[in-house]
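Here are my comments on the model, set out as numbered points. Please read them with the structure open.

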Amino acid sequence: MKAIVFSQPGLPIQDPQSLYETTLPQPTPGPRDLLVEVKAIAVNPVDTKVRARSSGHGPQVLGWDTVGIVREVGADVSLFRPGDEVFYAGAIDRPGSYSEYHLVDERIVGHKPRTLDNASAAALPLTSITAWELLFDRLGVKEKGGKGQSLLVIGAAGGVGSILVQLARRLTQLTVIGTASRPETQQWVQVAGAHHVIDHSAPIPHQLETQQLSPVDYVISLTHTDSYLEQIVEALRPQGKLALIDDPEQLDIMPLKRKSLSVHWELMFTRSLYHTDDMIKQHQLLERVALLVDEGVLKTTLGEHFGRISAENLKRAHALIESGKAKGKIVLEGF
């Protein structure tokens, strides 16, 4: 099967070998695996991070957002059958989906939203799982809850922020404040449903104060958390909660003690990495997201369509993500 791979970590994306096309054997499903014919993928910051830091050997396949058609199922599969259209984010300890065929455990797969095309659906799995787990699992916000409380999302125009703002606005009663620094990204966050949009390139606590939005009950920081930590502590009310997904080089949380603030990490791959007892919750979550999309409650966060799945187009996608200027999700479709 055709696949886009890398073999040497750390190469700049402009290097011909940073991503290149090759042929790999078609994989065979394990007991709970689906063999999926890949139709569309989305590119995420995690793709660029693994390409930069991987310690693996030989050709490695990236890709953790997939839409495709089930072609074969393992002996113990009960949730899907051949011919089903599916979407999912996969597992970081298995080969990714920059390939014509891909194996994935059925417990982290959902049926594709009926009302979306392949490209639009590919924008959703990884970020939907991350955002849902941040909001409802890590911070403990209840659906239809949060009345009189507020959530600040730092970096709200990216992939996770784009769906997180929608979930918070449509499934809770929280006042949603998103940050974005450019006119086009500020408008993107407003369209996603934020009640208020502020500029994270200017002092955040001052903007919250002048708009009578402080203190806030929850902060979800999606980027450069170490740079914003002092401002986050100032913005949060005593006994507030901070959740984050990025990878700060260091994070001194001692300043959180005075206010009894709590810190919550989110990695959507944890359940699949450790085969947790509740691993199937990601299947259930994606099924719910698909239903909400089909009911018109949630919308795709597709930002740009980069054409077919090729080494050249994937390099362009990686370069845009590494620039920090991506809006929503970058999607590729077909080989």
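1. Helices and strands are named here from DSSP runs, numbered from the N terminus, with at least four residues for a helix and at least two for a strand. The model is predicted. On that naming, P215 sits in the loop that runs between α6 (204-210) and β12 (216-221).

2. The peptide bond between S214 and P215 is cis, with omega about -5°. In general, most peptide bonds are trans. This bond is worth a look when going through the loop between α6 and β12, where P215 lies.

3. Q212 belongs to that loop between α6 and β12 too. Its phi is near 55°, a positive value in a residue other than glycine. Is Q212 buried or exposed? Q212 has a relative accessible area of 74%, and the cut-off for exposed is over 50%, so Q212 counts as exposed.

4. A positive phi is also found at H275, about 45°, although H275 is not a glycine. H275 is placed in the loop between α8 (270-274) and α9 (281-294). Its relative accessibility is 47%, and H275 therefore counts as partly exposed. As background, most residues other than glycine have a negative phi.

5. Strand β9 (residues 150-154) contains S150. With a relative accessible area of 7%, S150 is buried. Which residues does S150 contact, leaving aside neighbours within four places in sequence? They are L174, T175, I177, L213, P215, V216, D217 and Y218. P215 in that list is the proline of the cis bond with S214.

6. L292 is located in helix α9. It is buried, at 5% relative accessible area. Not counting residues up to four places away in sequence, L292 touches W132, L171, V297 and L298. Between L292 and F269, which are 23 residues apart along the chain, the C-alpha separation is 23 Å.

7. The largest nonpolar core has 86 residues, and the members that touch the most others are L135 and L314. A second, separate core has 19 residues, among them I154, V216, I232 and L261. V216 of this second core is also one of the contacts of S150. Nonpolar side chains tend to be buried together in soluble globular proteins.

8. What surrounds L135, leaving aside its neighbours within four places in sequence? L135 is in contact with G140, V141, L151, L164, L167, A168, T172 and L174. L174 appears among the contacts of S150 as well.

9. For the chain as a whole, there are ten helices and 16 strands. The radius of gyration is 20 Å, close to the 20 Å that the globule rule gives for 335 residues, so the chain is as compact as a globular protein of that length. The C-alpha trace spans about 60 × 45 × 35 Å along its principal axes.

10. Of the 335 residues, 54% count as buried. Taking contacts between residues at least 6 apart in sequence, 70% join residues at least 24 apart.

11. The accessible surface of the chain is about 14600 Å², and 48% of that belongs to carbon and sulfur atoms. The side chains include 34 positive and 39 negative ones, with the centres of the two sets 5 Å apart.

Notes:
Residues are numbered from 1 along each chain as its sequence is written. This is a predicted model: local features need pLDDT of at least 70, side-chain atom pairs count only at pLDDT 80 or more; totals for chains, interfaces and linings use all residues. Side-chain values use heavy atoms; hydrogens and water are left out. A nonpolar core is a set of buried Ala, Val, Leu, Ile, Met, Phe, Trp, Tyr and Cys residues joined through side-chain atoms within 4.5 Å. Buried means under 20% relative accessible area, exposed over 50%, partly exposed in between (1.4 Å probe, protein chains only). Contact means heavy atoms within 4.5 Å. The radius of gyration is taken over C-alpha atoms; the globule rule is 2.2 Å times the number of residues to the power 0.38. Accessible areas come from the Shrake-Rupley method with a 1.4 Å probe; for residues, only the protein chains shown count as cover. Lys and Arg count as positive and Asp and Glu as negative; His and the chain ends are not counted. The place of a charge is taken as NZ of Lys, CZ of Arg, CG of Asp or CD of Glu.
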